[in-house]
Amino acid sequence: EVAEGSGLPWTPGRAFWDGGRFAVVIDFGDEVSQDVSAAGDGSDRVGLSLVFRTSYDTSWRFEAALMGRRFLCDNGLLSGEFFGRVGFKHTTGSAAEDWRGVVRDGLRLVHRAPHDLSVFVRALRLLRQAQTSDKRLREVLALFPQFGDSLVGKVMRRYAAHEEPTLFGLMQAGTNVLWHDPKQTASSWAHNDALVTGLVGYAHGHLS
């Protein structure tokens, strides 16, 4: 109902379930997207998805959140700080009243999507202009002390083998590893959010 009410073309995205937590993603089309290509030729666009999450063990609250999606590689770019997010109580009244509230708040979230995406893409462009160096990599990796050696190793291997030598390339390496992991866990979602939020915050604080 939220997707239909948005008036935007959409397709069902991925679903996640680990026995206690559930998420479903709705991918919007090119109509709400912006270019982040180095040449500015429209060849690398970032759009939006809407994710609904909930849990049966109270580890995730019931919420809807916008997230970025890079079309070239279908990487999901989570950030609770730089994208809109609304939460809901599991039980507040009748089921019909609850659902009307979910749809209403979900649509409000989608309607602010162009603004959120503009702020986000501005940071991605700054990251794309930021060539990596030993100093920069040390600074950025220090932002994520919660990442274990195994995850850092996978990200750096992906970065070295497949991505451009910029902080944008480092973000894409990390989100590729976390979003396309065949054994994705709830930690993958949390680490994706931490990585994207940290790098976007770094762009706004150090590169603008």
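Which residue takes a positive phi in the hairpin of strand 4 and strand 5? Select T58: its phi is near 65°, and the hairpin has six residues between the strands.

This is a predicted model, in which local features need pLDDT of at least 70, side-chain atom pairs count only at pLDDT 80 or more, and totals for chains, interfaces and linings use all residues. Residues are numbered from 1 along each chain as its sequence is written, and side-chain values use heavy atoms, with hydrogens and water left out.

Next, select residues 62-70, which are strand 5. Strands here are DSSP runs (E, at least two residues), numbered from the N terminus. Nine of the nine residues in strand 5 are buried (under 20% relative accessible area, 1.4 Å probe, protein chains only). Show the side chains: F62, A64, L66, G68 and R70 point one way, while E63, A65, M67 and R69 point the other way. All of these residues are buried.

Now add strand 4, residues 45-55. Strand 4 pairs with strand 5 in the antiparallel sense over eight bridges; two strands pair if DSSP finds at least two bridges between them. Pick L48 and find its bridge partner in strand 5, G68.

Stay on G68 and bring in strand 6, residues 75-77. G68 stands opposite L77 there. Strand 5 and strand 6 run antiparallel and are joined by three bridges. Four residues lie between these two strands in their hairpin, and D74 in the turn has a positive phi of about 60°.

Last, select residues 85-88, strand 7. Strand 7 pairs with strand 5 in the antiparallel sense over four bridges. Pick A65 in strand 5; its bridge partner in strand 7 is R85.

Terms used. Buried means under 20% relative accessible area, exposed over 50%, partly exposed in between (1.4 Å probe, protein chains only).
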